[in-house]
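Please open the model in your viewer, with a cartoon for the backbone and sticks kept ready for side chains. The stops below are meant to be followed in order, each one beginning with a selection to make.

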Amino acid sequence: MVKPKVSIEEHRRWLRSSHLLEKINVDIRAVAEKLGETLFGPSVDFFVGSSGWPNINAGPLISIGEATETKSLFGLGYESIIASRLAMARGKKFTSVHSPRIAENMREIAMSAKPVDVEAHFSKKPSLELRFSPVVQPMGPSAPLKMLIEAENPKIPKKVYSLYEERMKSTEAVSELISRGFDNYYISKILSAGILGEEKRLVPTRWSITASDDMIGKILINKIKGYRENNEILVFPSYYLFNQFVVLLLPGKWEFENFEAWAPKTSWGLNPEEYTIIAEYEGWRGRWKYAEQAGGYYASRLAVLEYLNRMKVQGRAVVFREVYEGFYLPVGVWQVRENVRNALSHKPKKFASMQEALDEVKKYLRLPLKEYMKRSRILGQSGLKYFF
């Protein structure tokens, strides 16, 4: 499993982001009033930290009020996203990923396909703070967990329980789950909780998100390589949360290219004067190194592969992502995945020629298209003549 690298600069950005909360209108006091050493509510997720690995904190996320799962956040504004994460307390148990010492009921809650009402007892009142990450959704208040009591029975799928008892490789287990319709969010959660794999080790959530996107993607790549080649030129746009996405699907065998262009003063905008552009590519034979774009690349690729699998075709896909100045707080890589999924859920615009399609793509992007063309492995240098 690939472990995403975290640079010093990335950590600094996360720290700076905490000072930007003042730009968001969230009623922190209303959340603080509901926090105490005992909390009752639905456990909507399971989180494993990465700090100090292999000795980490792990435990459930308990919602103060109605349960809000990550996949339900798409379409909400910054205030609503931050408010929903603030209203979610994290119970922490310190343990080792190699020999995890977490209660069996905690694993059962993680395996549940639906939120489970629980009564959590903390060693102290959860501290009211918010942490940001480019991969994981914002994290709210947390405290060490003394005891966790189930108020109802978890809804554990039989197949998942059997996989927990078996010693099967994670990739094989994920393939089994995909064939039965389980989504990436659920698979990521149980992978993180140490349900899958031969060793039954805990996996930091920020790693499990990317690992599940990558594993599911590779499963789908193997499937679509047996499909006919796409014979149309299609364009799909989507805009959400100061992120503009455009997906260009071309005829041919499977290839994938992903562009990210970050405006200055955004969480990955390293250059204070101009856009930071990152290009990633993989051909028919796949990649040999971890993508610099980290989780965003694998999330974007997964959404494209899901579409191709639905259409029963393979093709060459180019995804353009532009991140604008309003995106000053990272909310997690789910935003990338859901934005591309949203683009591909709508009827595409069809074109008879590459030039017509590229002219359409230009309408949605701020940067000159030649900036992408000169970096592109799929579009190639020959297309530059259209834009000078």
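What follows is a tour of a predicted model, going from a sheet to its strands, then to helices and salt bridges.

**The sheet as a whole**

Begin by selecting the strands numbered 10, 9, 12, 8, 7 and 13, which in that order make up an open sheet of 6 strands with mixed pairing. Strand 10 (276-282) and strand 13 (349-351) stand at the edges, and because each has a single partner strand, one side of each is left without a neighbour in the sheet. If you look along the sheet from strand to strand, the twist averages 15 degrees from one to the next.

**Strands 9 and 12**

Next select residues 255-262, which are strand 9, together with residues 316-323, which are strand 12; the two pair in the parallel sense over 8 bridges. To find one point of this pairing, pick Glu 255, whose bridge partner in strand 12 is Arg 316. Now add residues 295-311, helix 9, which packs on the sheet and touches strand 7 (233-240), strand 8 (243-250), strand 9, strand 10 and strand 12. The direction of helix 9 makes about 135 degrees with that of strand 9.

**Strand 8 and its neighbours**

Keep the sheet in view and select strand 8, which runs antiparallel to strand 7 and is joined to it by 7 bridges. Within this pair, Pro 237 has Val 246 of strand 8 as its bridge partner. The two strands form a hairpin with 2 residues between them, and in the turn Leu 241 has a positive phi of about 55 degrees. Strand 8 also pairs with strand 12, in the antiparallel sense and over 8 bridges, and here Leu 249 stands opposite Ala 317 of strand 12.

Is strand 8 largely enclosed or exposed? Since 8 of its 8 residues are buried, strand 8 is largely enclosed by the rest of the structure. In a regular strand the side chains alternate between the two faces of the sheet. Colour Asn 243, Phe 245, Val 247 and Leu 249 as one side of strand 8, and Gln 244, Val 246, Leu 248 and Leu 250 as the other, and you will have two covered faces whose listed residues are all buried.

**Asn 243**

Zoom in on Asn 243, which has its place in strand 8 and which, at 0% relative accessibility, counts as buried, the cut-off for that word being under 20%. The side chain of Asn 243 reaches the backbone oxygen of Leu 241 at 3.0 Å, so a distance label between these atoms is a convenient check. Leaving aside residues up to four places away in sequence, Asn 243 touches Ser 238, Arg 321, Glu 322, Val 323, Phe 327, Gln 335 and Asn 339.

**Helix 11 across the sheet**

Select residues 354-362 to display helix 11, which lies across strand 7, strand 8, strand 12 and strand 13 and runs at about 5 degrees to strand 7.

**Helices 8 and 9**

Two packed helices are described by the angle between their axes and the distance between the axes. For helix 8 and helix 9, the axes come within 9 Å and cross at roughly 35 degrees, and the crossing is left-handed. To see the contact, show side chains including Asp 213, Ile 216, Leu 220 and Ile 224 of helix 8, and Tyr 298, Leu 302, Leu 305 and Leu 308 of helix 9.

**Salt bridges**

The structure holds 20 salt bridges, of which a few are worth selecting in turn. In one of them Asp 213 meets Arg 337, with the closest N and O atoms 2.7 Å apart. This pair links distant parts of the chain, Asp 213 being in helix 8 (residues 205-224) and Arg 337 in helix 10 (residues 334-344), 124 residues apart. Both Asp 213 and Arg 337 are buried.

Move next to Glu 232 and Lys 350, whose side chains meet in a salt bridge at 3.3 Å, N to O. Glu 232 lies in the loop between strand 6 (228-229) and strand 7, while Lys 350 is in strand 13, 118 residues apart. Glu 232 counts as partly exposed at 30% relative accessibility, whereas Lys 350, at 54%, counts as exposed.

As a last selection, take Asp 214, Lys 218, Glu 282 and Arg 301, which salt bridges with shared partners join into one network.

Key:
Residues are numbered from 1 along each chain as its sequence is written. This is a predicted model: local features need pLDDT of at least 70, side-chain atom pairs count only at pLDDT 80 or more; totals for chains, interfaces and linings use all residues. Side-chain values use heavy atoms; hydrogens and water are left out. Two strands pair if DSSP finds at least two bridges between them. Helices (H or I, at least four residues) and strands (E, at least two) are DSSP runs, numbered from the N terminus. Axes are lines fitted to C-alpha atoms, for helices over the stretch in contact, and angles run from 0 to 180 degrees between N-to-C directions. Contact means heavy atoms within 4.5 Å. Buried means under 20% relative accessible area, exposed over 50%, partly exposed in between (1.4 Å probe, protein chains only). A polar contact is a pair of N or O atoms within 3.5 Å; within protein, one must be able to donate a hydrogen and the other to accept it, and residues adjacent in sequence count only if both atoms are side-chain atoms. A salt bridge is a side-chain nitrogen of Lys or Arg within 4 Å of a carboxyl oxygen of Asp or Glu. A crossing is left-handed if the near helix is turned anticlockwise from the far one by less than a right angle, and right-handed if clockwise.
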